[in-house]
Amino acid sequence: MGVPAPLSDEEIAERLAALPGWERKGDEITRTYSIRYHAAVAAIVTIADRSRRVQHHADLDLRMDHLRATVTTHDANYRLTEADFDLARRIDAIVAAHQALPLD
């Protein structure tokens, strides 16, 4: 399996338009989710499992009332690739599912 091809600025803008809440910061995309702490912990475990399966990982920052996910492709010299946008969609779905779960 080769190194993923970096996307052009136009391709990145097009893909970001389809991912509400995500923003570009240099050669990364990032999103902050308002989520309760324990729900975020559960989401992180699921994100880690899915990331292992697709062999692409996000940087995750857990705080008391929010979770920030940052994605870039390390194997492509920290540039954005299609894999980043695929992972972002997966993270959105995982966080949405965990926010829907009652804590009690």
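Buried, here, means under 20% relative accessible area, exposed means over 50%, and partly exposed is what falls in between. Keep that cut-off handy for the exercises below, and remember that you're working with a predicted model.

**Exercise 1. Is Ser51 buried or exposed, and which residues does Ser51 contact beyond its sequence neighbours?**

Step 1: find the residue. Ser51 sits in helix α2, which covers residues 37–54.

Step 2: apply the cut-off. The relative accessible area of Ser51 is 2%, and the limit for buried is under 20%, so Ser51 counts as buried.

Step 3: list the company. Skip the neighbours within four places in sequence, and Ser51 is in contact with His56, His57, Ala58 and Leu87.

**Exercise 2. Run the accessibility check on Ile44 and Asp92.**

Step 1: start with Ile44, another resident of helix α2. Its relative accessible area is 22%. Partly exposed runs between the buried limit of 20% and the exposed limit of 50%, so Ile44 is partly exposed.

Step 2: look around Ile44. Leaving out residues up to four places away in sequence, Ile44 touches Leu60, Leu62 and Leu67. You can also check the C-alpha distance to Ile94: the pair is 50 residues apart in sequence and 8.8 Å apart in space.

Step 3: move to Asp92, in helix α3. With a relative accessible area of 17% and a buried limit of under 20%, Asp92 goes down as buried.

Step 4: see what Asp92 touches. Not counting residues up to four places away in sequence, the list is Leu19, Trp22, Arg31 and Tyr33.

**Exercise 3. In what order do the 4 strands of the open sheet stand, and which strands are at the edges?**

Step 1: write down the order. The sheet reads β1-β2-β4-β3, and the pairing is antiparallel.

Step 2: pick out the edges. β1 (23–25) and β3 (59–62) each have a single partner strand, so one side of each has no neighbour in the sheet.

Step 3: add the twist. Ignoring direction, neighbouring strands are turned by 25° against each other on average.

Quick reminder on what holds such a thing together: strands of a sheet pair through backbone hydrogen bonds, either parallel or antiparallel.

**Exercise 4. Walk across the sheet and match up bridge partners.**

Step 1: β1 with β2. These antiparallel strands are joined by 3 bridges, with β2 covering residues 28–34. Glu23 has Thr30 as its bridge partner in β2, and Lys25 stands opposite Glu28. The hairpin of β1 and β2 has 2 residues between the strands, and Gly26 there takes a positive phi near 65°.

Step 2: β2 with β4. This antiparallel pair has 6 bridges. Ile29 is matched with Val71 in β4, while Arg31 faces Ala69. Recall that Arg31 is also among the residues touched by Asp92.

Step 3: β4 with β3. Here you'll find 4 bridges, antiparallel again. Asp59 stands opposite Thr70, and Leu62 has Leu67 as its partner in β4. Both of those leucines are in the set touched by Ile44. The two strands form a hairpin with 3 residues between them.

**Exercise 5. Which strands does helix α3 touch when it packs on the sheet, and what angle does α3 make with β2?**

Step 1: name the strands. Helix α3 packs on the sheet by touching β2 and β4.

Step 2: read the angle. The direction of α3 makes about 5° with that of β2.

**Exercise 6. What volume does the largest pocket have, and which residues line it closest to the centre?**

Step 1: get the volume, which is about 310 Å³.

Step 2: look at the lining. It has 15 residues, and the closest to the pocket centre are Pro4, Gln55, His56, Asp75 and Ala83. You've already met His56 as a contact of Ser51.

Step 3: sort the lining by chemistry: 4 residues are nonpolar, 8 polar and 3 charged.

Step 4: find the top contributor. Helix α3 (residues 82–99) gives the most to the lining, with 3 residues.

Note on methods
Residues are numbered from 1 along each chain as its sequence is written. This is a predicted model: local features need pLDDT of at least 70, side-chain atom pairs count only at pLDDT 80 or more; totals for chains, interfaces and linings use all residues. Side-chain values use heavy atoms; hydrogens and water are left out. On a 1 Å grid over the protein atoms alone, a cavity is a set of points where a 1.4 Å probe fits but cannot get out, and a pocket is an open set with protein on both sides within 12 Å along at least five of seven lines; lining residues have an atom within 4 Å of a point. Grid points are joined across faces, edges and corners, and a volume is the space filled by probe spheres set on the points. Ala, Val, Leu, Ile, Met, Phe, Trp, Tyr, Cys and Pro count as nonpolar, Asp, Glu, Lys and Arg as charged, and the others, Gly among them, as polar. Buried means under 20% relative accessible area, exposed over 50%, partly exposed in between (1.4 Å probe, protein chains only). Contact means heavy atoms within 4.5 Å. Two strands pair if DSSP finds at least two bridges between them. Axes are lines fitted to C-alpha atoms, for helices over the stretch in contact, and angles run from 0 to 180 degrees between N-to-C directions.
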